[in-house]
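Student: Hey, got a minute to walk through a structure with me? I'd like to start with the ligand site and then poke at the backbone.
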Amino acid sequence: MKKFVTGLAAAGAVLLALTGCSAAASGGSGGDKAPEDIIVGFAQVGAESGWRTANTKDVKRAFEDAGIELKFSDAQQKQENQIKAIRSYISQGVDVIAFSPVVESGWDAVLQEAKDAGIPVILTDRAVDSEDESLYMTFLGSDFVEEGKKAGNWLVEEYADSDDPVKIIQLEGTTGAAPAIDRAEGFAEVIKDDSKFEIVASQTGDFTRAGGKQVTEALLKSNPDVDVIYSHNDDMGLGAIEAIEEAGLTPGEDIKIITVDAVKDGMTALAEGKINFIVECNPLLGDQLVDLVKKVVAGEEVEKRVVTEETTFTQEEAKEVLPDRQY
Ligand code: AHR
């Protein structure tokens with residue numbers, strides 16, 4: 001994994017050399033502003049998961065530590081709320097707008113408004129699918145396709161010695177969100193070469209615990225012989241555990257569970273044997289975001305893509321790291 005990240009960093013450096021993006025070149029304020037004179041508007045997705053709570057906390061902490069004013073809004077998982085927040089930051093004339101897009105599509109108009117106003121935008125955590133990359137300065141966050149591949153690789157290894165069919169339920173994240181699209185893609189890419197793996201049902205639980213429980217309850221009725229649940233985040237996986245237990249089954253044994261995130265509740269369930277494998281998605285993006293904001297405001301070049309370093313956890317590894325887990 002570390003090799004992969006290093007490779008990406010190197011690729012990012014090459015990309016920067018080719019397509020380096022500076023605030024001065026793309027409408028940033030430029031010049032020397034003291035941290036206390038910088039104002040950043042941050043439009044967060046919501047508070048849908050343990051991951052999101054940890055991310056919000058870390059972003060607020062990092063800006064406070066840096067002495068930079070942060071205007072914060074919670075979009076409650078609605079794109080229209082996020083667009084309103086971004087427009088409000090534009091009219092307030094903040095120095096930088098940072099946001100984690102609820103869904104991938106539909107941002108070009110508001111991003112163009114920010115660009116026209118000369119306010120640089122930084123994407124954090126999730127990407128947009130805009131073809132015009134000049135609409136944002138940089139994208140800081142995980143490689144979600146790679147996360148999906150890691151989940152698939154564990155599954156392939158786990159069932160390497162069996163030719164029996166493996167029936168999988170996929171709990172998808174928010175429909176249209178980058179992590180939902182990419183984690184499904186990466187997973188499918190890995191399992192597609194072995195016909196014993198079959199995704200028998202795939203439905204959104206909107207990245208929430210309640211959503212994961214509700215969807216699993218319904219899908220267990222139509223697929224009582226399911227072997228594996230692949231959940232796009234810990235929270236939906238934790239909801240699935242409740243549904244499995246209420247159905248009189250043992251999570252982690254009767255039905256194996258793979259999730260993404262590695263927040264404390266997920267890691268606890270992994271250490272207890274109720275989840276079988278977790279792919280980490282790191283929410284601690286605050287310090288890197290502050291660095292990027294400072295560079296963008298100073299008119300320095302920033303890499304167009306900054307990939308977060310992440311790992312995976314087995315049940316044994318979860319037991320080891322759990323006591324020191326920050327979130
Ligand atoms: O975008 C990151 C994802 O969003 C996390 O995996 C999930 O828990 C969150 O809601």
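Tutor: Sure, we'll go from the ligand shell to one helix and then to two loop residues.
Tutor: Keep in mind that this is a predicted model.

Student: OK, how many residues surround the ligand, and which are the closest?
Tutor: There are 13 around the ligand, and the closest are Ser49, Trp51, Pro179, Phe207 and Asn233. By type, the shell splits into 5 nonpolar, 2 polar and 6 charged residues.

Student: Which elements each supply at least two of the shell residues?
Tutor: α2 (50-66) and β10 (256-261) do.

Student: And where does the ligand lie relative to the domains?
Tutor: Between domain 1 (29-141 + 283-309) and domain 2 (144-281), because both give residues to the shell.

Student: Switching topic: what does UniProt list for residues 41-301?
Tutor: An unreviewed entry there has "domain: Periplasmic binding protein" for that stretch. In the model, residues 41-301 are 44% helix and 20% strand.

Student: What about α7, how far does that helix reach?
Tutor: α7 covers residues 209-222 and reaches 20 Å from its first C-alpha to its last, close to the 20 Å expected. Its buried residues include Arg209, Lys213 and Leu219. Among the elements covering the buried residues are β8 (197-204) and α8 (234-246).

Student: Back to Phe207: what's its phi, and is it buried or exposed?
Tutor: Phe207 has a positive phi of about 65° without being a glycine. It sits in the loop between β8 and α7. Phe207 counts as buried because it has 28 C-beta neighbours inside 10 Å.

Student: And where does glutamine 76 lie?
Tutor: In the loop between β3 (69-74) and α3 (79-92). Glutamine 76 has a positive phi too, near 50°, but this residue is partly exposed, with 13 other C-beta atoms within 10 Å.

Key: Residues are numbered from 1 along each chain as its sequence is written. This is a predicted model: local features need pLDDT of at least 70, side-chain atom pairs count only at pLDDT 80 or more; totals for chains, interfaces and linings use all residues. A residue is near a molecule or strand if its C-beta atom, placed from the backbone, lies within 6 Å of it. Helices (H or I, at least four residues) and strands (E, at least two) are DSSP runs, numbered from the N terminus. Ala, Val, Leu, Ile, Met, Phe, Trp, Tyr, Cys and Pro count as nonpolar, Asp, Glu, Lys and Arg as charged, and the others, Gly among them, as polar. Domain bounds come from an automatic or database domain assignment. UniProt positions are given in the numbering used here, feature names are shortened, and annotations may be inferred rather than shown by experiment. The expected span of a helix is 1.5 Å times one less than its number of residues. A residue is buried if 20 or more other C-beta atoms lie within 10 Å of its own, exposed if 12 or fewer, and partly exposed in between; C-beta atoms are placed from the backbone. Two residues are in contact if their C-beta atoms, placed from the backbone, lie within 7 Å.
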